[in-house]
Amino acid sequence: MKSTLSISSLSRQVLLRETRDYLMIALGMILYGIGWTVFLLPNDITTGGVPGIASIVFWATGFPVQYTYFLINAVLLMLALKILGFKFSIKTIFAVFTLTFFLSLIQELTAGMHLLQDQPFMACVLGASFCGSGIGIAFSSNGSTGGTDIIAAIINKYRDITLGRVMIIITSSYFVLKDWEKVVYGFVTLYVCSFVLDQIVNSARQSVQFFIISKKYQEIGKEINALHRGVTVIDATGLYTGQEQKMMFVLAKKRQSTTIFRIINDIDPTAFVSQSAVIGVYGEGFDHFKLKKSK
């Protein structure tokens, strides 16, 4: 009976967590849609990735950005489903459909509105801040905005590299807008958006370490192993009580912290956990040694 209640409670926690994730992803897409279509697009300011391509197509042909954005992501999502599987793609599919819907809705509600028409720099900063916040919220909820995020995930499945922003997309906007000033604003937008994103997700490349003390260390360890993170179990003794216990040592990426805390809370809410940031972690699954070879 107790086991049944525990399973039921765990299922309810997972359901609430997933619901929260989808709501936060939807919020992120709304913020991104506002930044893109209210501040950037009307002021002829582009950015990188699929939205940048959609913006250039819109300025050149008048074809609505939401359709270009959706069509490109549809192709990428088919690749993701085949290579990465349904589990990765489900939240990305939700994000793409949500952003496509809100792009149409926001443009309809703001038709005829042209904010900061004579202040492109402010439009650039505000638009980038909204976009960066939207992406950051989506990432923090294990979501993705599609586009280059899908390509990065596919590449990272086989090679541990980070996909940089494709700045050529911003530069190519000159051939449509014929204005180098707009190109410069595009690069400013890219920088501000990246900065805001990093502030929200606390830098995707930052690593952290955990010391976890729990009687259910085996269950917790197996779940953390499923994240492709190693777990080292250390024999420890409490000096005050004299009791022997197991302590887990875990190194992980900063972005995985929320997931690890969720695992611990779901299995053993009474566990003792210490988390701290580390300057550098080198080895398999992390960074490579940065040493110059001696001649």
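I take a residue as buried under 20% relative accessible area, as exposed over 50%, and as partly exposed in between, with a 1.4 Å probe and protein chains only. By that criterion I find both Trp 36 and Tyr 69 buried.

**Entry 1. Basis**

I am working with a predicted model, in which local features need pLDDT of at least 70 and side-chain atom pairs count only at pLDDT 80 or more, while totals for chains, interfaces and linings use all residues. I number residues from 1 along each chain as its sequence is written, and I read side-chain values from heavy atoms, with hydrogens and water left out.

**Entry 2. Whole chain**

I looked up the secondary structure and found eleven helices and four strands. Helices (H or I, at least four residues) and strands (E, at least two) are DSSP runs numbered from the N terminus. Of the 295 residues in the chain, 39% are buried. I noted an exposed surface of about 17200 Å², 63% of which is supplied by carbon and sulfur atoms; the areas come from the Shrake-Rupley method with a 1.4 Å probe, and for residues only the protein chains shown count as cover. I then examined contacts, meaning heavy atoms within 4.5 Å. Among contacts with a separation of 6 or more, 74% join residues 24 or more positions apart.

**Entry 3. The sheet**

I traced an open sheet of four strands in the order β2-β3-β1-β4, with antiparallel pairing. Two strands pair if DSSP finds at least two bridges between them. β2 (231-237) and β4 (272-277) are the edge strands with a single partner each, so one side of each has no neighbour in the sheet. I recorded an average turn of 20° between neighbouring strands, direction ignored. For angles, axes are lines fitted to C-alpha atoms, for helices over the stretch in contact, and values run from 0 to 180 degrees between N-to-C directions.

I next followed β1 (residues 207-213), which pairs with β4 in the antiparallel sense over six bridges. Ile 213 stands opposite Phe 272 in β4. β1 also pairs with β3 in the antiparallel sense, over seven bridges, and there Ile 212 has Met 248 of β3 as its bridge partner. Five of the seven residues of β1 are buried, so I describe β1 as largely enclosed by the rest of the structure.

**Entry 4. Helices on the sheet**

I found helix α11 (residues 257-267) lying across β1, β3 and β4, at about 10° to β1. Ser 257 belongs to helix α11 and is buried, with a relative accessible area of 6%. Leaving out residues up to four places away in sequence, I list Val 208, Phe 210 and Gln 275 as touched by Ser 257.

**Entry 5. Aromatic rings**

I describe a pair of aromatic rings by the distance of the centres and the angle of the planes. Rings of Phe, Tyr and Trp (its six-membered ring) pair if their centres lie within 6.5 Å; planes under 30 degrees apart count as stacked, over 60 as edge-to-face and the rest as tilted. I obtained nine aromatic pairs in the structure. The rings of Trp 36 and Tyr 69 have centres 6.2 Å apart and planes at 70°, so I class the pair as edge-to-face. This pair links distant parts of the chain, with Trp 36 in helix α1 (residues 2-40) and Tyr 69 in helix α3 (residues 65-83), 33 residues apart. Phe 63 and Tyr 67 have ring centres 5.9 Å apart and planes at 55°, so I class this pair as tilted. I find Phe 63 partly exposed at 36% relative accessible area, and Tyr 67 partly exposed at 45%. Tyr 32, Trp 36 and Tyr 69 form one aromatic cluster.

I also looked for charges over rings, requiring NZ of Lys or CZ of Arg within 6 Å of the ring centre and within 35 degrees of the ring normal. Lys 91 lies over the face of Tyr 22, 5.7 Å from the ring centre.

**Entry 6. Two further residues**

I placed Thr 100 in helix α4 (residues 86-109), where Thr 100 counts as buried at 15% relative accessibility. Apart from neighbours within four places in sequence, Thr 100 is in contact with Gln 66, Tyr 69 and Phe 70.

I placed Glu 181 in helix α9 (residues 180-201) and found Glu 181 partly exposed, with a relative accessible area of 44%. Glu 181 and Pro 120 are 61 residues apart in sequence and 9.8 Å apart in space, C-alpha to C-alpha.
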